[in-house]
Structures are given as structure tokens and as C-alpha cells.
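Hi everyone, thanks for coming. Have a look at the sequence and the model on the screen, and then I'll walk you through the parts I'd like you to see.

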Amino acid sequence: MSSPPTFQPVLDRIAAEIDKMPERGHPADYIPALAACDPRRFGMAVAELDGTVYGVGDWRRPFSTQSLTKVFTLALDLAHEADELWEHVGREPSGNPFNSLVQLEYENGIPRNPFINAGALVVTDRLHTQTGEAAGTLLDFLRAESGNENLAINEDVAASESAHGDRNAALGHFMASYGNIGNPVPVLLDEYFRQCSIEASCADLALATGFLARHGIRADGTRLLTMSQAKEVNAVMLTCGTYDAAGEFAYRVGLPGKSGVGGGVIAVVPGRCTLCVWSPGLDGHGNSVAGVTALDRFTTITGLSVF
Ligand code: GLN
């Protein structure tokens with residue numbers, strides 16, 4: 001009898017290759033908690049549709065999720081208000097860095113997509129209006145999908161984000177001047193900084209992303225998104241999830257993906273599995289160097305890609 005298929009040998013092979021990588025990039029340095037991370041750390045997890053998880057390296061070690069959370073707030077807001085959201089945020093790649101302000105003035109305070117900071121601020125603002133507690137709603141969702149009740153916001157990181165948050169504050173106030181923010185900007189910023197400061201592991205995040213591989217179905221079998229909405233989120237991840245390097249990511253990895261400056265990257269193989277990889281060294285676009293390389297190797301070795 002042949003043994004069931006497993007991703008473990010693929011992960012072990014990738015980890016051995018990554019171990020030999022001489023250049024891992026540099027951790028984000030805008031707050032001390034991220035600057036202190038060791039760029040040689042590496043973890044990777046793959047979750048199958050039924051919740052079976054495989055992992056290697058630091059795959060159970062919590063890290064700062066940062067912009068990975070933008071995927072989940074987008075999904076949660078779409079679940080609440082559906083297409084109304086798209087009147088307030090676009091879905092085109094920006095070709096600019098994640099924290100850029102430049103396009104907002106030309107587009108009347110409507111951000112280009114939900115995954116640059118401006119767009120994520122709009123999504124968080126709207127989720128906060130819908131639920132009364134954006135970061136709390138997000139945390140509950142991540143705990144439920146990962147099965148890990150211990151997931152938490154690192155309040156020290158949130159305070160540090162706030163202390164270094166002038167640019168996000170500028171984005172919030174600028175969009176408020178166009179009427180595209182509903183809550184008081186300080187309230188929105190507090191929710192956004194707490195959202196970014198949630199800590200979770202590769203295993204937690206691969207599991208929490210599962211609904212996107214299951215075409216909108218949550219871990220408990222209930223539906224979060226329609227099939228079309230799940231497709232929409234995957235499409236926006238593919239085109240906008242890695243900022244001004246989204247073309248290169250699609251070319252190399254060939255999967256919907258989303259990065260965060262904590263060094264995490266999540267990716268989806270619709271109908272098959274989800275992945276999360278973590279390594280804190282970033283390239284100049286804010287994407288994990290070893291993380292993108294590991295996903296590139298995964299799709300090359302397995303042939304799993306949306307193309
Ligand atoms: N907290 C970061 C910021 O808002 C998140 C950005 C990111 O992960 N790309 O600047």
C-alpha cells in the first residue's frame with residue numbers, strides 16, 4: 001500500500017536550500033521590535049484543505065503578522081458589506097511602495113487597492129463601522145480558523161507602531177479630507193496598529209488562509225465568502241499582494257500571495273492548499289527574500305500554480 005501524499009519532503013528540501021542562501025535581506029527597521037529580528041530565521045508551513053499541516057524550521061514560532069492581516073480584514077469586510085466596499089477602494093496594482101501617498105490626490109482619496117496601506121486603512125475603517133471592533137473581529141477570526149486560542153496582539157509592538165505612525169496618520173487624515181474615512185482618524189489608527197501587531201506562526205496563518213483555497217468556506221464548514229468573492233480576494237492578492245513587486249512575484253511564484261514587513265508571506269493554491277513562510281530579511285520592496293525564494297521553489301518542485 002502506498003503512503004498518503006505528503007508535502008514534508010518538499011518542505012525539508014526547500015529548508016535545506018534556504019539554509020545555504022548567503023543573502024537574506026534586512027529586517028524592517030522602522031520599529032525596534034522588527035529591527036531586532038534575526039534575518040536567518042526561516043519557517044514554512046503548508047495546510048491542506050482538511051486542516052492537515054506540514055512544517056519545517058520555525059513554523060510554530062509566532063511572528064509579527066503586519067500586512068498579512070490585510071487579506072483577512074478585506075475578506076471580513078466583504079463578508080459584511082459585499083460590493084459596497086469597492087466604491088471606496090480600487091483593485092488595481094499601484095506600482096508604488098506600500099506606504100505611498102502620491103496617487104491619492106489624483107484619485108480623490110480612493111486608494112488603488114486594499115493591500116497598500118491607504119487601502120487597508122479604508123478597509124479597517126469600514127470593518128470597524130460594521131463590527132464596532134475591527135482588530136478584535138480579526139483576532140477572533142484568526143483564532144477560530146487556526147484553532148489557536150492563544151493568538152494575541154502584541155501591545156508593545158502596537159504602541160511602537162503608533163509612535164512611528166506619522167505616515168499612516170497622514171494617509172488617514174488625507175483620505176478623511178475626501179470623506180473616505182468614517183471613524184475619527186485616531187480611532188482608525190489605533191485599530192490598524194493593533195491589527196498589524198497580531199502575532200501568529202506559519203502554522204496558524206496557513207490554516208487561517210484556508211478559506212481562500214476552499215473557495216470561501218471556513219474551517220468549521222460555514223461559508224464566509226461567496227465563490228466569486230473568494231476568487232476576487234485571490235485575484236487582488238495576485239495582482240497587488242506584494243506591492244510594486246507583484247509582477248515579479250506572479251512570474252516567480254505563480255500564486256496569489258501577500259507579504260508583510262514582519263517577514264511573513266502567505267500564498268494560496270485554490271482547491272489544493274495554503275502556505276505561509278516566514279523569514280524576517282526583506283528586499284527593497286518590503287517582501288521577505290527567503291520567503292519569496294521558498295515559495296518560488298515550492299511551485300517549481302511541485303508544479304502547483306494557478307497557471
Ligand atoms: N505596520 C506596517 C505599516 O503600516 C505594515 C506594512 C507592511 O507590512 N507592509 O507601515
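So, strand S1: 5 of its 6 residues are buried, so the strand is largely enclosed by the rest of the structure. Keep in mind as we go that this is a predicted model.

Who are the neighbours of S1? On one side there's S2, joined to S1 by 5 bridges, and the two run antiparallel. If you want one pair to click on, take Met44, whose bridge partner in S2 is Val56. S1 and S2 make a hairpin with 4 residues between them. In that turn you'll find Gly51, with a positive phi of about 95°.

S1 also pairs with S8, again in the antiparallel sense, over 6 bridges. Two pairs to look up here: Gly43 stands opposite Trp278 in S8, and Ala45 stands opposite Cys276.

Now let's stay on S8. How many of its 6 residues are buried? The count is 6 of 6, and the strand is mostly covered. You can also sort the side chains by direction: Cys273, Leu275 and Val277 point one way, while Thr274, Cys276 and Trp278 point the other way. Both groups are buried.

Next along is S7, residues 264-269, which pairs with S8, residues 273-278, over 6 bridges in the antiparallel sense. Ala267 has Leu275 as its bridge partner in S8, and Gly264 has Trp278. You've met Trp278 already, as the residue opposite Gly43. S7 and S8 form a hairpin too, with 3 residues between them. The turn there holds Gly271, which has a positive phi of about 80°.

Let's put those strands together. They belong to an open sheet of 5 strands, in the order S2-S1-S8-S7-S6, with antiparallel pairing. Which strands stand at the edges? S2, residues 53-57, and S6, residues 257-259; each has a single partner strand, so one side of each is left without a neighbour in the sheet. On average, neighbouring strands in this sheet are turned by 10° against each other, ignoring direction. And in case pairing is a new idea: strands of a sheet pair through backbone hydrogen bonds, either parallel or antiparallel.

There's a helix to add to that picture. H1, residues 8-19, lies across S1 and S2, and runs at about 20° to S2.

Okay, second sheet. This one is also open, with 3 strands in the order S3-S5-S4 and antiparallel pairing. At its edges are S3 and S4, each with a single partner strand, so each has one side without a neighbour in the sheet. S4 is joined to S5, residues 198-200, by 2 bridges. To find that pairing on screen, look for Ala152, which stands opposite Glu199 in S5.

On to a pair of helices. H5, residues 117-131, packs against H8, residues 166-177, at an angle of about 65°, and their axes are 10 Å apart. The crossing is right-handed. H5 brings Asn117, Ala118, Leu121 and Val122 to the contact, and H8 brings Asn168, Leu171, Gly172 and Met175. By class, that contact has 5 nonpolar residues, 3 polar ones and no charged ones.

Hold on to Asn117 and Asn168, since both turn up again around the ligand. What else surrounds the ligand? The list also includes Gln66, Ser67, Phe98, Asn99, Glu161, Cys196, Gly260, Val261 and Gly286. Sorted by class, the shell has 3 nonpolar residues, 7 polar and 1 charged.

Let's zoom in on Gln66 from that list. Gln66 has a positive phi of about 50° although it is not a glycine. Where does Gln66 lie? In the loop between S3, residues 63-64, and H3, residues 69-81. Is Gln66 buried or exposed? There are 23 other C-beta atoms within 10 Å, and the cut-off for buried is 20 or more, so Gln66 is buried.

One last residue, and then I'm done. Tyr243 is not a glycine either, and has a positive phi of about 60°. Tyr243 sits in the loop between H12, residues 227-240, and H13, residues 246-252. With 25 C-beta neighbours inside 10 Å, Tyr243 counts as buried.

That's my tour, so over to you for questions.

Technical notes:
Residues are numbered from 1 along each chain as its sequence is written. This is a predicted model: local features need pLDDT of at least 70, side-chain atom pairs count only at pLDDT 80 or more; totals for chains, interfaces and linings use all residues. A residue is near a molecule or strand if its C-beta atom, placed from the backbone, lies within 6 Å of it. Ala, Val, Leu, Ile, Met, Phe, Trp, Tyr, Cys and Pro count as nonpolar, Asp, Glu, Lys and Arg as charged, and the others, Gly among them, as polar. Two strands pair if DSSP finds at least two bridges between them. Axes are lines fitted to C-alpha atoms, for helices over the stretch in contact, and angles run from 0 to 180 degrees between N-to-C directions. Two residues are in contact if their C-beta atoms, placed from the backbone, lie within 7 Å. A crossing is left-handed if the near helix is turned anticlockwise from the far one by less than a right angle, and right-handed if clockwise. A residue is buried if 20 or more other C-beta atoms lie within 10 Å of its own, exposed if 12 or fewer, and partly exposed in between; C-beta atoms are placed from the backbone.
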